[in-house]
Amino acid sequence: MLEKIIKTANKSEKDLVFEIGSNSDLVLENIITDNLGWTIENFVNKAEKGMLTFPTKFDMIDSILNVNHKGRVIIRMSVNPEEIIKQIEIGTSPLKNRVEAINKLKKAGYKVGILIAPVVLVENWKEKYEELVKFLYENLSDEVKADVFFEIIFMTYSYIHKMINQDAFPDKENLYNKELMTVRGRGKYTYKKEVKEEGSAFFEELLGRYFKDNEIKYIT
C-alpha cells in the first residue's frame, strides 16, 4: 500500500495529502508493530512531494519524535471532554496526555491539527465542550496555537454499535437519543439537521472566541 501511495504522489502534478489512518489508530498499532517511523521515513525519502496524515486518540508518540519527517506529516489529535473520554472512549489516553503529546509533536516539527470527534450530545454538552476548548487554549503551547487547525465531526451511531455497547458496557450511557437523532441509511443514526446546525453554530462561535485566528477546516 505504501508503494502505491508513493507512486501516486510522484505521478501527481500537485501535492496530495494521503490519509493513512482511516482503518486503525496508527499510534496505538505502533506500540506493537513499531513501523510508524519506518512508514514516515520511507514516504518522505521516496515520494518527491505530498504529505501523510493520520488521526489518533493516543499519547504514545515518543518513538516518532526523532523521525526525519521533513515536515511532510500532519498528525491530528482527536479530543473530547474528559468525562466523555472516560465514559465513552474507554481505554484511550486522557485529555491531558493527548494535549501534552500535541505539544511534543509540534516541537518535533510535525504539522498538527485537532479533531474534536466524535461530538456526542450528552447532557450539558455545551458546558462540557466549552470546558474542553478552554482547556486546549490554556494548555496548548504558543507554537501549537500559532497555526493549529480544527476539524469537527458529530457522532454517527449504528444499530450494531448500540447492540455491542449494550452487551459489553451495560452500565454505560445509551448514546442513541431518539429525540435528537434520525435514521441515516440502513441501521445508522445521525443527529437531526436542526440539531447539527445548532451544534455547528455553537462550535464556530466557541472556537472564534478562543482560537479566532485558527482555521476550522470543516464541521460535519
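P118 is found in strand 4, and the peptide bond that leads to P118 from A117 is cis, with omega near -10°. The model described here is predicted. Strand 4 belongs to an open sheet of 6 strands with parallel pairing, and this briefing moves from that sheet to the helices and loops around it.

**The sheet as a whole**

- The 6 strands of the open sheet follow the order 1-2-3-4-5-9, and their pairing is parallel.
- At the edges stand strand 1 (17–19) and strand 9 (216–219), each of which pairs on one side only.
- On average, neighbouring strands of this sheet are turned by 20° against each other, direction ignored.
- In general, the strands of a sheet pair through backbone hydrogen bonds, in either a parallel or an antiparallel manner.

**Strand 4 and its neighbours**

- Strand 4 is mostly covered, with 7 of its 9 residues buried.
- With strand 3 (residues 73–79), strand 4 (residues 111–119) pairs in the parallel sense over 6 bridges.
- One bridge links M77 to its partner I114 in strand 4.
- Strand 4 and strand 5 also run parallel and are joined by 5 bridges.
- V119 stands opposite F154, a residue of strand 5.
- Helix 6 (residues 125–139) packs on the sheet, where it touches strand 3, strand 4 and strand 5 (149–154).
- The direction of helix 6 makes about 170° with that of strand 4.

**Strand 2 and its neighbours**

- All of strand 2 is covered in this sense: 6 of its 6 residues are buried.
- Both faces of strand 2 are covered, since M51, T53 and P55 are buried on one side and L52, F54 and T56 are buried on the other.
- As a general point, the side chains of a regular strand alternate between the two faces of the sheet.
- Strand 2 pairs with strand 1 in the parallel sense over 3 bridges, and V17 stands opposite M51 in strand 2.
- Strand 2 also pairs with strand 3 in the parallel sense, here over 5 bridges.
- The bridge partner of T56 in strand 3 is M77; M77 is also the bridge partner of I114 in strand 4.

**Helix 1 against helix 3**

- The axes of helix 1 (residues 2–11) and helix 3 (residues 36–46) come within 10 Å and cross at roughly 30°.
- Angles under 35 degrees count as roughly parallel, so helix 1 is roughly parallel to helix 3.
- The crossing in which helix 1 passes helix 3 is right-handed.
- Helix 1 contributes L2, E3, I5, I6, A9 and N10 to the contact, and helix 3 contributes W38, T39, N42, F43 and K46.
- By character, the residues of this contact divide into 6 nonpolar, 3 polar and 2 charged.
- An α-helix has 3.6 residues a turn, so residues three or four places apart point the same way.

**Buried residues of helix 3**

- The buried residues in helix 3 are L36, G37, T39, I40, N42, F43 and V44.
- Their cover includes helix 1, strand 1, helix 2 (26–33), strand 2 and strand 3.
- T39, found in helix 3, has a relative accessible area of 15% and is therefore buried, the limit being under 20%.
- Leaving aside residues up to four places away in sequence, T39 touches L2, I20 and L52.
- Of these partners, L2 is among the helix 1 residues in the contact with helix 3, and L52 is one of the buried residues of strand 2.

**Loop residues with positive phi**

- K70 has a positive phi of about 55° although it is not a glycine.
- K70 is found in the loop between strand 2 (51–56) and strand 3, and at 45% relative accessibility this residue counts as partly exposed.
- N124, likewise not a glycine, has a positive phi of about 60°.
- The place of N124 is in the loop between strand 4 and helix 6.
- The relative accessible area of N124 is 43%, so N124 is partly exposed.

Note on methods. Residues are numbered from 1 along each chain as its sequence is written. This is a predicted model: local features need pLDDT of at least 70, side-chain atom pairs count only at pLDDT 80 or more; totals for chains, interfaces and linings use all residues. Side-chain values use heavy atoms; hydrogens and water are left out. Axes are lines fitted to C-alpha atoms, for helices over the stretch in contact, and angles run from 0 to 180 degrees between N-to-C directions. Helices (H or I, at least four residues) and strands (E, at least two) are DSSP runs, numbered from the N terminus. Angles under 35 degrees count as roughly parallel, over 145 as roughly antiparallel, 65 to 115 as roughly perpendicular and the rest as oblique. A crossing is left-handed if the near helix is turned anticlockwise from the far one by less than a right angle, and right-handed if clockwise. Contact means heavy atoms within 4.5 Å. Ala, Val, Leu, Ile, Met, Phe, Trp, Tyr, Cys and Pro count as nonpolar, Asp, Glu, Lys and Arg as charged, and the others, Gly among them, as polar. Two strands pair if DSSP finds at least two bridges between them. Buried means under 20% relative accessible area, exposed over 50%, partly exposed in between (1.4 Å probe, protein chains only).
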